[in-house]
Amino acid sequence: MYRCVHRGYSLFSQIFICSRTQSQLNQYFSELKKIEKKLSKENLPINMIIIGSRKHLCINEKIMKKCPNVNELNEACRSSKCKYKEGFTEMVLEKKKKKKKIFYESSSDSNSSKEENDEINNYILIKKLINTKNIDMNKIKEICRHDKIEICPYYMCKENIQNADIILLPYICILNEQIRNNLKINIKNNIIIFDESQNIIENINNANSIGISKSQIIFTKLVLKKYIQKYENSLNNNNVIMIKQIIIYCDLLLKYFTSINESVSNITRFMLLSKLDALNLNNISAFLNNSLFCRKFKIFAEVNINEYFKKSNKERPSIISAYVNTSSIYLLCEFTNKLIRSNKYDSIYINKNDDNGIYNNSDLEDDNQYNNKTETLNTNNNSNTGGSNSSCSSKRPGCSTDNNVEAEKKRKLQNNTNVIGTKNKNEPNNSNDDFSDLSEYLKYILENIKDMILKEKIEIISVSSCNNFQNITKDCNNIILIGGTLQPIEEFLLLFLSEKKNKIKLYFSDYIFKKSNIFVRIMPTNLLTFNSIDNTYKNRFDRSHLLNIALQIYILTLYVNYGNIVFFSSYTFLNEFMNFLYNEGKYILEKMKKKKFLFFEKKNDNNVLKNYMTNIINIKKQDNQMRIKNGCILFCVMNAKLSEGINFHDDFCRNILIVGIPFFKHEKNNTSTSNINKNNLVLNYYKEYSKDRSKKNDPNTHDISNSIPILSDWQISQMCKTYELKCAMKIVNQCIGRSLRHINDFSSFFFLDQRFNNPEIYDCFPTFVKTHLNDIKNLGYTNNEIFQKEKQNFHEIYDDIKNHYKHIITNQDPIKDSQNYLKNFVTDLVHLKEFHKKMNYL
């Protein structure tokens with residue numbers, strides 16, 4: 001970071017620090033403030049600023065109450081007459097506001113400023129205050145809200161980007177080119193730091209993906225038709241032509257829903273089959289982006305909707321917002337922008353479900369391919385050949401894919417249902433999207449509010465993270481990726497495949513916590529049947545398997561005070577386990593509840609974490625002798641909300657249990673499913689991208705030192721073969737990292753699956769886990785008296801559960817080595833209690 005002037009030009013390097021959430025950025029800001037205080041003593045000032053969305057910076061309470069949705073808030077900010085925004089605009093335009101001066105630059109200037117007390121531009125003073133004092137987001141809002149100032153903090157922060165040395169901002173502000181341009185962020189010759197970089201590939205892809213529903217396209221098309229009917233004579237020819245082109249564009253998108261039988265296709269094939277290659281999408285995009293037309297569209301649509309409900313003497317129900325969204329033109333604009341920027345590796349997906357339609361790992365099922373050995377991933381390769389990486393064009397050749405028979409049957413059934421349901425001849429058949437005008441569409445929506453076909457989406461699924469990241473690497477001076485779980489590193493090195501090896505520097509550091517602060521065990525054996533614990537899908541409905549999981553969770557959490565977290569490999573698995581507990585497993589569930597408060601993660605439930613932490617805080621306040629329950633158990637899902645980004649420090653997590661491994665879910669035919677697995681698309685992309693890169697490498701280059709690639713073809717091939725396994729273990733390691741948040745933190749870890757002993761999986765553990773597991777063989781049995789007492793306590797619980805559930809445990813015959821398995825388990829319990837006792841928590 002430096003500032004200097006050379007031959008009249010200002011040379012100014014900026015550092016952009018990106019993270020996932022606003023809370024993480026606030027933590028960064030507070031830590032940087034400590035550094036800034038030390039440097040200020042040495043006369044080295046640092047100017048810092050946090051960039052947030054309107055959601056975090058808006059101070060107009062009326063607009064905030066009206067617009068709970070981020071998109072609605074953005075649009076309201078653009079179109080409404082907000083006094084804070086107007087105040088900022090006036091300041092920037094150097095229009096003097098007659099307000100009392102409340103900030104003074106320095107005491108030395110007081111004499112010269114007395115004459116100007118009545119007419120002061122506070123904007124300049126506030127700007128200097130923000131730049132020199134490095135105040136956080138809340139203080140900026142407080143200052144801007146002052147009735148003597150009234151300036152929008154969102155636009156103020158945007159304006160201060162160009163003057164700051166360090167800018168803290170969310171991923172999307174750098175990864176999304178359009179947002180980057182709107183914020184006027186210049187990354188040329190600057191430094192970008194990505195924190196929590198294990199998520200960067202997913203974030204790059206999400207920044208370039210988007211979906212738009214059939215209802216939004218229909219609504220946009222009908223409003224445009226009505227708009228052109230009303231204003232065609234007053235509009236100039238260019239605008240009329242562009243609006244009619246957008247109507248044709250909407251028609252072609254709508255036809256694609258019904259005319260194509262495949263749910264997934266690559267971009268090239270989509271452009272050809274939809275006939276969008278006949279349109280000039282660049283012109284459409286420029287029209288939507290560079291004119292005020294979108295704002296006029298929204299106002300026009302709002303007026304017409306209000307008129308319809310006024311004429312029909314009905315109140316406008318809030319539930320229709322899913323089908324009648326006046327901001328749909330902005331979504332169409334963004335969809336067009338991302339379609340233009342997409343390349344041959346990306347895909348188009350017709351989503352027929354009322355959800356995101358794409359498998360996240362939190363919804364995946366385990367795959368059993370790693371029970372014995374590592375196998376290559378068996379997926380359909382939906383790739384194409386030839387073509388450029390640039391925007392869509394008709395010249396790019398497509399590739400053939402199999403027809404989706406199941407999807408066709410479903411579509412015919414839906415179409416038949418629509419025809420049967422259309423009793424009135426005046427009502428439209430919405431399978432053909434044949435609405436004559438906006439009022440007819442609104443009437444249909446009110447009468448068919450649960451029409452699922454209108455909720456179908458057409459989605460751009462971007463997987464070309466390496467291509468998109470090149471747009472950033474080519475401009476920046478330095479890019480730094482920081483993360484606790486960046487291993488295996490090959491996937492991240494692919495982002496820099498266009499760079500040469502000598503430009504890449506890797507730094508590894510050991511974990512900061514003490515090795516004595518962890519306790520780790522792999523639990524491979526079912527204590528009831530003495531078979532191996534195998535959490536693959538085939539065993540999900542085995543009652544003896546679920547009973548053993550419940551038994552081991554109960555015993556392994558029984559003596560650990562405060563926070564216990566159990567991670568399941570998918571929501572499906574967790575729901576099946578919950579279903580077992582609340583039915584046949586009620587006996588053991590009641591035993592758990594006697595000692596622990598239980599919490600289960602559910603989709604879209606934001607209160608479970610708060611309730612879990614609140615209960616732990618309340619337990620800690622109780623006297624040890626008076627406690628009935630000594631802690632909590634939080635059941636949650638790997639790669640879901642609670643598995644990353646949550647700081648379970650100290651007593652919020654003293655014990656973690658991992659149940660299963662979150663492998664990808666495989667389908668016999670990717671194109672025949674209603675959902676698709678994005679991870680398979682990413683893997684196919686890596687294979688195709690690496691092949692294309694190897695073809696482009698010039699074998700006759702003269703500069704040998706610069707010609708060495710970051711990854712060889714063999715390394716990339718090996719990465720693709722083990723990609724599924726390493727992705728799954730990266731998620732597991734992310735769960736492990738929820739505890740051990742500082743140097744003195746401690747926790748125990750249990751892995752309930754025999755597959756964790758397989759060499760391929762074992763090698764993917766963090767070094768501190770492997771080190772601890774390797775040292776277990778040196779541990780002998782503890783004091784005999786302690787062991788015998790623990791053995792007695794264990795068998796009281798074990799025999800009670802076994803007798804109660806003898807109808808579930810089919811194999812009652814004596815099994816060889818069964819006593820050794822139980823003895824080893826009791827030994828682990830003794831060591832577990834000693835570990836937590838040593839840490840003064842028992």
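Is leucine 740 buried or exposed? Here are some notes on the model, starting with that residue.

1. Leucine 740 is buried, and its relative accessible area comes to 11%. Please keep in mind throughout that this is a predicted model. You will find leucine 740 in the loop between helix 30 (723-736) and strand 19 (747-751). Its backbone deserves a look too: phi is near 55 degrees, a positive value in a residue other than glycine.

2. A second residue with a positive phi is asparagine 189, at about 60 degrees, although it is not a glycine. Asparagine 189 belongs to the loop between helix 11 (177-182) and strand 6 (191-194). Its relative accessibility is 48%, so asparagine 189 counts as partly exposed, whereas leucine 740 is buried.

3. Now for the overall picture. The protein has 842 residues, and 53% of them count as buried. Its secondary structure comprises 34 helices and 19 strands. If you take the contacts between residues at least 6 apart in sequence, 80% of them join residues at least 24 apart.

4. Two helix pairs are worth opening in your viewer, and here is one of them. Helix 14 (residues 237-259) packs against helix 18 (residues 328-341) at an angle of about 75 degrees, and their axes are 13 Å apart. With that angle, helix 14 is roughly perpendicular to helix 18. On the helix 14 side the contact is made by Ile246, Tyr249, Cys250 and Leu253, and on the helix 18 side by Leu332, Phe335, Thr336 and Leu339. Sorted by class, this contact has seven nonpolar residues, one polar residue and no charged residues.

5. The other pair is helix 23 (residues 543-558) with helix 24 (residues 571-581), whose axes come within 10 Å and cross at roughly 85 degrees. Helix 23 is therefore roughly perpendicular to helix 24. Helix 23 contributes Arg543, His545, Leu546, Leu547, Ile549, Ala550 and Ile553, which meet Phe573, Glu576, Phe577, Phe580 and Leu581 of helix 24. By class, there are nine nonpolar, one polar and two charged residues in this contact.

6. What about the aromatic side chains? The structure holds 38 aromatic pairs. In one of them, phenylalanine 600 and phenylalanine 635 are stacked, with 4.6 Å from centre to centre and 10 degrees between the planes. This pair links distant parts of the chain, since phenylalanine 600 lies in strand 15 (residues 596-600) and phenylalanine 635 in strand 16 (residues 631-637), 35 residues apart. Both phenylalanine 600 and phenylalanine 635 are buried.

7. For a pair with another geometry, try tyrosine 685 and tyrosine 686. Their ring centres are 5.7 Å apart and their planes are at 45 degrees, so this pair is tilted. Tyrosine 685 and tyrosine 686 are both buried.

8. Which residues form one aromatic cluster? They are Phe568, Phe573, Phe577, Tyr582, Phe600 and Phe635. Phe573 and Phe577 are also among the helix 24 residues that meet helix 23. In addition, the charged end of arginine 540 sits over the ring of phenylalanine 573, 4.0 Å from its centre. Elsewhere, lysine 833 has its charged end over the ring of tyrosine 559, at 4.2 Å from the ring centre.

9. Proline 317 is another residue to inspect, in the loop between helix 17 (293-311) and helix 18. With 29% relative accessibility, proline 317 counts as partly exposed. Setting aside neighbours within four places in sequence, proline 317 is in contact with Phe309 and Leu446. Leucine 446 is 129 residues from proline 317 in sequence, yet their C-alpha atoms are 8.8 Å apart in space.

10. Finally, have a look at asparagine 679, which is in helix 27 (residues 678-696). Asparagine 679 is buried, with 14% relative accessible area. Its C-alpha atom is separated by 9.1 Å from that of cysteine 727, and these two residues are 48 residues apart along the chain.

Conventions:
Residues numbered from 1 in each chain as written. Predicted model: local features only at pLDDT ≥ 70, side-chain atom pairs only at ≥ 80, totals over all residues. Heavy atoms only, no water. Axes fitted to C-alpha atoms, helices over the stretch in contact; angles between N-to-C directions. Helix = DSSP H or I, 4+ residues; strand = E, 2+ residues; numbered from the N terminus. Parallel < 35°, antiparallel > 145°, perpendicular 65-115°, else oblique. Contact = heavy atoms within 4.5 Å. Nonpolar A, V, L, I, M, F, W, Y, C, P; charged D, E, K, R; others polar. Phe/Tyr/Trp six-rings, centres within 6.5 Å; stacked < 30°, edge-to-face > 60°. Buried < 20%, exposed > 50% of the residue type's maximum accessible area, 1.4 Å probe, protein only. Lys NZ or Arg CZ within 6 Å of the ring centre and 35° of its normal.
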